[in-house]
Amino acid sequence: MNIKENLEIINENIDDAAKRSGRNREDITLVAVTKTVDVERINEAVSCGVKVLGENRVQELTSKFEYVPNDVDWHIIGRLQTNKVKYIADKITLLHSVDRLELAKEVDRQCAKIGKTLDVLLEVNISEEETKAGVDEGEVERFVESVIGFNNIRVKGFMTIAPYGTDNDSARSYFARMRKIYDSYRGVKQGNLDVGILSMGMSNDYIGAILEGSNMVRIGSAIFGKRQ
Ligand SMILES: *Cc1c(COP(=O)(O)O)cnc(C)c1O
């Protein structure tokens with residue numbers, strides 16, 4: 001299976017799940033997750049129509065950035081150390097993984113320096129697994145209030161990861177819970193809140209995620225093959 005064929009299958013699945021949940025393919029953003037993927041294969045995906053790339057390591061993003069066409073958007077989707085924010089603030093269009101106040105503060109500070117307002121998502125640990133990043137369900141409201149005053153970030157929505165080992169069916173109850181939280185903020189414009197993005201769904205569970213209301217899926221191995 002090559003990248004082109006993989007993308008065709010994924011696009012069909014996204015289209016199908018979108019329609020089953022009353023939406024269209026264009027309502028769902030595909031983020032191609034390129035961790036461990038080399039520039040050549042990334043550019044193959046781009047030539048097949050991929051427009052958004054997601055990395056979870058700053059070092060990987062910065063080393064690939066200039067070798068990929070500059071009309072492609074880059075997102076950071078994984079845990080971000082505050083001391084690395086300065087390396088990517090000017091390069092990304094969305095940060096999926098704001099999981100603590102210190103990080104929001106540093107992103108705001110670095111973006112102020114370069115005169116930019118960065119779109120961010122707040123990460124929620126919906127499964128409450130100890131190893132996962134994100135704020136607990138019960139902390140979301142307080143977290144939103146703590147970041148609402150920052151001028152150089154715009155809170156566009158939420159991101160979550162289903163528990164390890166779940167699939168399209170078994171992940172749905174977690175996604176449904178995330179969707180409830182998202183719905184309580186959807187369309188809210190207040191302070192820096194402008195909520196319209198729900199990022200959930202990976203290779204194993206993106207169909208279930210879309211059926212539960214996701215409008216942004218982060219897919220790596222189903223496009224590029226298993227990572228080493
Ligand atoms: C690696 C990763 C993905 C993609 O995982 P696949 O199972 O390869 O699709 C999505 N989201 C995050 C946060 C990741 O770290």
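Q: Why is Cys 48 called partly exposed in this predicted model?
A: The relative accessibility of Cys 48 is 30%. Buried means under 20% and exposed over 50%, with partly exposed in between, so at 30% Cys 48 counts as partly exposed.

Q: What makes Cys 111 count as buried or exposed?
A: Cys 111 has a relative accessible area of 0%. The cut-off for buried is under 20%, so Cys 111 is buried.

Q: How many disulfides does the structure hold?
A: The structure holds zero disulfides. A disulfide would need a pair of cysteine sulfur atoms within 2.5 Å.

Q: Which residues line the second largest pocket?
A: Cys 48 is one of the lining residues, and among the others are Leu 7, Asn 11, Arg 25, Gly 49 and Val 52. The space in this second largest pocket is about 200 Å³. Helix α1 (3-20) and strand β1 (29-33) each supply at least two residues of the lining. By class, the lining has six nonpolar, three polar and three charged residues.

Q: How much space lies in the largest pocket?
A: About 1100 Å³ lies in the largest pocket. Its lining has 33 residues, and the closest to the centre are Lys 35, Asn 56, Ile 161, Met 202 and Arg 227. Two elements, α3 (58-64) and β9 (216-219), give two or more residues to this lining. By class, the lining of the largest pocket has 12 nonpolar, 11 polar and 10 charged residues.

Q: How do you know which strand pairs with β9, and in what sense?
A: The strand is β1, which pairs with β9 in the parallel sense over four bridges. Pairing takes at least two bridges, so the four bridges between β1 and β9 satisfy the rule. Within this pair, Ala 32 stands opposite Ile 219 in β9.

Q: What makes both faces of β9 count as covered?
A: Met 216 and Arg 218 lie on one side, Val 217 and Ile 219 lie on the other, and all are buried. In a regular strand the side chains alternate between the two faces of the sheet.

Q: Why is the contact between Arg 100 and Asp 99 called a salt bridge?
A: The closest N and O atoms of Arg 100 and Asp 99 are 2.7 Å apart. The rule asks for a side-chain nitrogen of Lys or Arg within 4 Å of a carboxyl oxygen of Asp or Glu, so the pair counts as a salt bridge. Arg 100, at 25% relative accessibility, counts as partly exposed, whereas Asp 99, at 12%, counts as buried.

Q: Where do Glu 106 and Arg 109 lie?
A: Both lie in helix α5 (residues 101-113), three residues apart, about one turn of the helix. They form a salt bridge, with the closest N and O atoms 2.9 Å apart. Glu 106 counts as buried at 14% relative accessibility, while Arg 109, with a relative accessible area of 47%, is partly exposed.

Q: What makes Glu 139 and Arg 142 a salt bridge?
A: Their closest N and O atoms are 3.7 Å apart. The limit is within 4 Å, so Glu 139 and Arg 142 meet it. Glu 139 is partly exposed at 36%, and Arg 142 is exposed at 59%. Elsewhere, salt bridges that share partners join Glu 55, Glu 60 and Lys 64 into one network.

Q: How many salt bridges does the rule give?
A: The count comes to 15 salt bridges.

Notes. Residues numbered from 1 in each chain as written. Predicted model: local features only at pLDDT ≥ 70, side-chain atom pairs only at ≥ 80, totals over all residues. Heavy atoms only, no water. 1 Å grid on protein atoms, 1.4 Å probe; cavity = no way out; pocket = protein on both sides within 12 Å on 5 of 7 lines; lining within 4 Å. Points joined across faces, edges and corners; volume = space filled by probe spheres on them. Nonpolar A, V, L, I, M, F, W, Y, C, P; charged D, E, K, R; others polar. Buried < 20%, exposed > 50% of the residue type's maximum accessible area, 1.4 Å probe, protein only.
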